[in-house]
Amino acid sequence: MEKENATLLTEFFALTGLTYQPEWQILLFLLFLMLYLITIVGNPGLIALICNDPHLHIPMYLFLGSLAFVDTWLSPTVAPKMLVNFFAKSKMISLFDCKIQFFSLAICVTMECFLLTTMVYDRYVAICKPLHYPVIMTTRLCIWLLILSFLGGLFHAIFPNAFLFRLPFCNSIIVHHFYCDIIPLFKISCTDPSINFLMIFIFSGSIQLFTIFIVLVSYTLVLFTILKKKSVEGIRKAFSTCGAHLLCVSLYYGPLLFMYIRPGSTQADDQDMMDSLFYTVIIPLLNPIIYSLRNKKVIDSLTKMLKRNANRCSFFIKTAHNCTG
């Protein structure tokens with residue numbers, strides 16, 4: 001019996017999720033279901049819009065489409081299991097599923113860091129070196145930046161997984177989280193996870209600090225360039241373009257910095273879940289909204305597409321009416 005229990009503790013975990021207050025269960029389920037549905041419609045919709053409009057086939061929208069793809073991948077990694085666990089009697093997740101979930105999450109989160117940084121660099125070149133923009137931001141460079149973002153996410157996902165799932169888990173099978181995050185899993189390990197916390201601090205910290213450094217330097221140079229402009233329209237356009245991106249960067253990096261590179265990682269489980277909720281559920285929802293509402297080209301393209309579809313629907317309705325008449 002002890003052997004069977006030991007096997008259970010190393011092959012299955014129970015996610016507590018966000019259901020510790022039963023009176024909020026139905027309301028939270030409906031809220032997160034709505035957010036999830038908007039996310040999985042909004043991000044693929046943005047990708048389709050960019051693909052179908054030749055005017056959006058430029059580096060800025062290539063990176064924006066790639067960011068929407070990552071958000072489309074990230075949200076289903078976490079949200080469906082979280083929604084099911086609101087009402088599921090058994091909240092168990094297998095070790096294999098736990099590995100897949102965390103691996104996918106780590107790839108997406110890291111890729112998003114690199115993509116946001118790449119988008120900052122694109123805006124830096126467009127504003128600070130507009131005449132050299134077509135020469136610098138070539139299709140070849142953009143593709144390489146996307147490939148490197150994916151490889152960076154892949155390598156960063158491999159190392160934490162290798163460190164995490166070599167640990168024995170025997171203290172408990174209960175993971176105080178709504179998905180298999182690395183810090184709650186460390187807390188139920190039989191052995192001292194200090195070296196693992198150190199490795200997370202090194203890997204995650206180095207990536208985040210490196211990308212944040214590039215963001216700060218790029219935006220500092222962009223700010224100086226904007227202030228030198230004499231055209232009010234040019235200043236307004238630059239601030240409008242960069243403002244949306246800077247808002248997304250700030251919202252995304254805040255919870256990540258707070259969770260993964262704070263000293264000791266001793267924060268309460270509930271606060272950890274709130275931080276995780278922000279960058280796994282809220283940010284994938286906000287990205288297409290922020291970039292769409294603050295971008296005139298995207299709005300114009302969406303308006304044209306809706307008008308075309310409305311005209312097609314009107315044509316088919318009239319044709320059907322004439323045929324039946």
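In the predicted model, a disulfide joins Cys98 and Cys180, with the two sulfur atoms 2.0 Å apart. The bond connects distant parts of the chain, since Cys98 belongs to helix 4 whereas Cys180 lies in the loop between strand 3 (174-175) and helix 7 (182-187), and 82 residues separate the pair. The torsion about the S-S bond is about -120°, and the disulfide of Cys98 and Cys180 is therefore left-handed. The count of disulfides comes to one.

Both partners of this bond are shielded from solvent by the accessibility criterion. Cys98 has a relative accessible area of 0% and is thus buried, and Cys180, at 0% relative accessibility, is likewise classed as buried. Two further cysteines contrast in their surroundings. Cys108 is buried, with a relative accessibility of 0%, while Cys51 has a relative accessible area of 52% and is therefore exposed, the threshold for this class being over 50%.

Helix 4, which carries Cys98, also contributes to the second largest pocket, where four lining residues, the largest share, come from this helix. The volume of the second largest pocket is about 180 Å³. At least two lining residues are supplied by each of helix 4 (95-128), helix 6 (139-164) and helix 8 (194-228). The lining consists of Phe114, Thr117, Thr118, Tyr121, Leu145, Leu148, Ser149, Phe210, Thr211 and Ile214. In terms of chemical character, six of the lining residues are nonpolar and four are polar, with no charged residue present.

Definitions and conventions:
Residues numbered from 1 in each chain as written. Predicted model: local features only at pLDDT ≥ 70, side-chain atom pairs only at ≥ 80, totals over all residues. Heavy atoms only, no water. 1 Å grid on protein atoms, 1.4 Å probe; cavity = no way out; pocket = protein on both sides within 12 Å on 5 of 7 lines; lining within 4 Å. Points joined across faces, edges and corners; volume = space filled by probe spheres on them. Nonpolar A, V, L, I, M, F, W, Y, C, P; charged D, E, K, R; others polar. Disulfide = S-S within 2.5 Å. Buried < 20%, exposed > 50% of the residue type's maximum accessible area, 1.4 Å probe, protein only.
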